[in-house]
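Here's a quick tour of one model, with a look at a sheet and at the empty spaces in the fold. Keep the viewer open as you read.

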Amino acid sequence: MKSVRKRIAVIGGGIAGLAAAVRLRDLTPSGTEIVVYERSPVLGGKLHTGELGGRRVERGAESFLASGSDGAESAAVMFARRLGLGDALVHPAARPAALAIGGRLTPIPGGTLVGVPGDLSALDGVALPASGADVDRGGPLLAPGADVAVGELVRERYGDEVVDRLVDPMLGGVYAGRADRLSLRVTMPQLAATAETEHTLAGAVRAAQARSRRVPGRPVFAAVGEGMSRLVGAAASASGARVVLGLPVRELSRTPAGRWKLIFGSAPSPQVDEVDAVILAVPAKPAARLLGDAGAEIAALEYASVALAALALPPGTRLPELSGFLVPPGEGTLVKAATFFTTKWPHLADGPGPVVVRVSLGRAGEEDRLQLDDASLLAVARRELGELIGAGLPAPVDSWVQRWGGGLPQYAPGHADRVARARAGLPEGLALAGAAFDGVGIPACVGSGERAADDVYRFLEGN
C-alpha cells in the first residue's frame with residue numbers, strides 16, 4: 001500500500017465487520033484509519049451475552065464449530081486466538097441430543113450429515129425410507145455446478161419421512177428454514193461436491209464424510225467462556241477502529257476522484273464522510289439499497305424471524321440427560337429447538353444457581369405465530385417445553401425473550417451463483433461480507449470478513 005494515509009469504512013459492526021476490521025489492522029500500515037459504522041447502539045450483531053438468574057446466557061449464537069472440513073481449526077477459533085482468547089475457549093459436555101417425535105424424545109441417529117444419512121439401516125426407527133430408495137441410475141446425482149433444494153434431492157432419493165423427521169429439524173436448528181427451500185450447495189457444500197460424482201445419495205454422504213478430516217479428540221464446538229460479548233469487545237479493541245454507533249449509513253456513492261462518499265445519520269441531519277475503500281457487512285436488503293443497480297442480484301434474499309426464550313428454573317429442576325433437542329416442523333409446535341444450557345456447558349454448572357433452558361421459537365414462514373407479547377411467548381415456550389419432555393416445569397425464577405426479526409438468511413437454490421455475479425459486478429474498492437453472502441455461523445462470518453479485507457487491501461495496495 002502506498003504511504004499516503006488511507007481511510008477504510010466497514011459498514012456493519014457484527015462479527016463479519018469486526019473480523020474485517022481486525023484483518024485490515026493486521027494488513028495495513030499503522031497510519032491507516034478504519035471506521036466501523038453500526039446502525040444499532042452496540043457492536044456485535046447477533047452475538048450478545050446477557051444475564052439470567054445470575055448466570056451469563058447468550059441472547060444470540062451460543063457456540064461455533066471448532067474445526068473446518070479440512071480438519072484445521074475453524075476461522076472462529078483462529079480469530080479467538082488472534083484476539084488472545086485461546087485460553088478462554090470452552091467446550092460443551094459430551095451429551096447426546098434428541099428429536100422430539102410423537103410425544104417422546106428419540107436420540108438423533110449417528111452418522112448423518114446435517115440429518116442426511118449415509119446408512120439407511122441406522123435410522124433406529126426415527127424415519128422409514130421409501131421402498132426401493134436410492135438406487136443407482138447409472139449417473140451422478142448432480143451435474144457439475146448445479147444446485148437444488150436439499151429437500152428435493154433427499155425426498156427423491158430417500159422419501160418424505162427422512163426429510164420431515166431428520167433433515168428438516170437439523171436444518172431448522174441452524175437456519176430456521178425448510179429443507180425444500182434451502183440450497184444444497186450453500187448449506188451442505190461437501191455433499192454437493194460429492195453428488196457430482198457419486199451415483200447414490202448414501203454414497204455421496206459417505207464420500208463427503210470421508211473428505212472431512214476430523215482430528216481425533218478435538219471437540220466439535222467451542223465458545224468463549226465469559227460470553228460472546230467478550231469476543232466482540234476484544235475484536236473492537238484489536239481493530240483500533242473508530243466506531244460510529246447508532247447512525248445508519250443511508251447513501252453510498254463514488255466521487256469524481258474515485259473515493260467513496262458516505263451519508264449517514266438521521267435524514268433531517270445527515271453527516272458526510274469520504275473514504276478510499278468500503279466493506280459492506282450488513283444484511284442483504286440494506287446492502288442492496290446502498291449498492292443500487294449493483295445490488296439487484298442480492299435484493300431478493302429472504303430472511304426468517306425467530307425468537308429465543310430463556311428460562312431460569314429453580315435449582316435442582318430435573319431435565320432429561322441430554323444437551324437439548326430438535327423438533328420436526330410436523331409436530332406443530334412453535335418451539336423448534338431447546339438447549340439445556342447449564343447441562344450442556346460444564347463451566348456454568350459449578351456453584352449454586354438456577355437451571356437454565358434456552359428455547360428457540362419460530363421457523364421461516366411462521367412470523368405471524370411470533371406476534372405475541374413477551375409474557376405470552378414465554379408461556380407458550382414453557383408449556384410446549386414441558387409437553388415435549390413429558391414433564392411439567394416449575395415457574396421460572398427469571399426469564400427473558402430475545403427477538404431476531406429477519407435474523408436468518410434463507411439461501412434458495414442458486415444463491416452462490418447470485419452472490420458471485422453480484423461480486424463480479426462491484427466497483428473496485430468495494431467488498432461484501434457476512435451471513436447474507438457466505439453462510440451463517442461465526443466461522444463463516446469471520447472468514448467472509450477476512451476475505452473482504454484481503455480484497456480491499458489488494459485494491460489499496462495497487463492505488
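What follows covers a five-stranded sheet, then a pocket and a cavity.

This is a predicted model, where local features need pLDDT of at least 70, side-chain atom pairs count only at pLDDT 80 or more, and totals for chains, interfaces and linings use all residues. Residues are numbered from 1 along each chain as its sequence is written, and side-chain values use heavy atoms, with hydrogens and water left out.

**The sheet**

Let's start with the open sheet, where five strands run in the order β12-β2-β1-β16-β22 with parallel pairing. (Strands are DSSP runs of E, at least two residues, and helices are runs of H or I, at least four residues, both numbered from the N terminus; two strands pair if DSSP finds at least two bridges between them.) β12 (242-245) and β22 (430-432) sit at the edges with a single partner strand each, so one side of each has no neighbour in the sheet. From one strand to the next, the twist averages 15°.

Strand β1 (residues 7-11) and strand β16 (residues 277-280) are joined in the parallel sense by four bridges. I11 has L280 of β16 as its bridge partner. Helix α9 (residues 284-291) packs on the sheet and touches β1, β16 and β22, where contact means heavy atoms within 4.5 Å. The direction of α9 makes about 150° with that of β16; axes are lines fitted to C-alpha atoms, for helices over the stretch in contact, and angles run from 0 to 180 degrees between N-to-C directions.

**The spaces**

On a 1 Å grid over the protein atoms alone, a cavity is a set of points where a 1.4 Å probe fits but cannot get out, while a pocket is an open set with protein on both sides within 12 Å along at least five of seven lines; lining residues have an atom within 4 Å of a point. Points are joined across faces, edges and corners, and a volume is the space filled by probe spheres set on them.

| Space | Volume | Residues nearest the centre |
|---|---|---|
| Second largest pocket | about 320 Å³ | L301, E302, Q410, Y411 and A412 |
| Largest cavity | about 100 Å³ | E58, V224, G225, F341 and H347 |

In the second largest pocket, β17 (302-313) and α12 (415-424) each supply at least two lining residues. The lining there splits into twelve nonpolar, four polar and five charged residues. (Ala, Val, Leu, Ile, Met, Phe, Trp, Tyr, Cys and Pro count as nonpolar, Asp, Glu, Lys and Arg as charged, and the others, Gly among them, as polar.)

As for the largest cavity, β4 gives the most to its lining, with three residues.
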